[in-house]
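New to this one? Here is a quick, informal tour of how its helices and strands fit together.

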Amino acid sequence: MHDDHLVDPTTKHTTDRFPRQEQTPPGRTEDMHPLPDHGEQSYHGSGRLTGRRALITGGDSGIGRAVAIAFAREGADVAIAYLPEEQEDAEETGRWIEDAGRVPLLMPGDLQDEAFCQSLVERTESALGGLDLLVLNAAHQRNRGGIDEIPTDDFEKVMRVNLFAPVFLTRAAVPRLSAGSSIITTTSIQGFDPSSALVDYAMTKAALVAFTKALAEELGPRGIRVNAVAPGPIWTPLIPATGWPDKVPEFGQNTPLGRAGQPAELAGAYVYLASEEASYVSGAILPVTGGKPL
């Protein structure tokens, strides 16, 4: 029997192999083929985050854009941080936040800079009237041919963007957060099932799992929840900008659902963890992996 109300997750989004493609980091949404789905036409809010104030790193594109759109449609004002070269993507995200009737705050800069991280928190609090939701989402990854080929400068960039920045941001934000606030990190299936070609990226994602759990233990008595989302293969600008054009056509094909995920399919996980429905959830790692086990 066929139920017209059900949607088959194996065919909800394209199952075709992606065309071979490569971009210079950090990558641009407009240059991707096909374009990702961030929920622009599909996500419908229901006021679950009304009155909240959110800061999302890497909010210009990919998962960050999907979360920004969803948060805005759920009633939150949204600040996004991104690299200056991602301005075009950021402005598009800002238009979707405004379309939802919310206030967007666009803040370009480099998360490797400790002072910039501090300023992000201060500017968000000042412009939006407070900070309730901190989404630590930005990340950098590059294809590695082998441990003996990792350039020190790029290894340091992976560490500073993926690990130092979350510490800088959280350190600045925690004194400003009230009970009921929520911190959400973006870890990865790579933190549990690492690929040798992404060894340093995987290291940081495993570390973020420990960071999330330790921070949840520390901040729980203060009524601040800390959780993480662990994506599997998601079609974002990070993928063509990783430096593995020959691997792009196979991206996501090895999942039980048989395809890569779209950023829109992550949004609900972040909304849940940010909302009152998750009031007794802290220290959790929520997998969105197309069926691949953590």
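Let's begin with helix 1, which lies across strand 1 (53–57), strand 2 (77–82), strand 4 and strand 6 (225–231). Its direction runs at about 170° to strand 1. Helix 5 (residues 199–219) also packs on the sheet, where it touches strand 4, strand 5, strand 6 and strand 7. The direction of helix 5 makes about 165° with that of strand 5. Keep in mind that this is a predicted model.

Now for the sheet itself. It is an open sheet of seven strands, paired in parallel, and the order reads 3-2-1-4-5-6-7. Strand 3 (104–108) and strand 7 (285–288) sit at the edges with a single partner strand each, so one side of each has no neighbour in the sheet. On average, and ignoring direction, neighbouring strands of this sheet are turned by 15° against each other.

Take one pair of strands as an example. Strand 4 (residues 133–136) and strand 5 (residues 182–186) run parallel and are joined by four bridges. If you want a spot to look at, find V135, which stands opposite I184 in strand 5.

Next come the helix pairs. Two packed helices are described by the angle between their axes and the distance between the axes. Here are the values for two pairs:

| Helix pair | Angle between axes | Distance between axes |
|---|---|---|
| Helix 1 (residues 62–73) and helix 2 (residues 87–99) | about 15° | 8 Å |
| Helix 3 (residues 114–128) and helix 4 (residues 152–173) | roughly 40° | within 9 Å |

What does the angle of about 15° make of helix 1 and helix 2? Angles under 35 degrees count as roughly parallel, so helix 1 is roughly parallel to helix 2. Their crossing is right-handed. On the helix 1 side, the contact is made by R65, A68, I69, A72 and R73, and helix 2 brings in D89, E92, T93, W96, I97 and D99. Sorted by class, this contact of helix 1 with helix 2 has five nonpolar, one polar and five charged residues.

With its angle of roughly 40°, helix 3 is oblique to helix 4. Helix 3 passes helix 4 in a right-handed crossing. From helix 3, the residues E114, C117, Q118, L120 and V121 meet A165, F168, L169, R171, A172 and A173 of helix 4. The contact of helix 3 with helix 4 divides into eight nonpolar, one polar and two charged residues.

Terms used. Residues numbered from 1 in each chain as written. Predicted model: local features only at pLDDT ≥ 70, side-chain atom pairs only at ≥ 80, totals over all residues. Heavy atoms only, no water. Axes fitted to C-alpha atoms, helices over the stretch in contact; angles between N-to-C directions. Helix = DSSP H or I, 4+ residues; strand = E, 2+ residues; numbered from the N terminus. Parallel < 35°, antiparallel > 145°, perpendicular 65-115°, else oblique. Left-handed = near helix turned anticlockwise from the far one by under 90°. Contact = heavy atoms within 4.5 Å. Nonpolar A, V, L, I, M, F, W, Y, C, P; charged D, E, K, R; others polar. Pairing = 2+ DSSP bridges.
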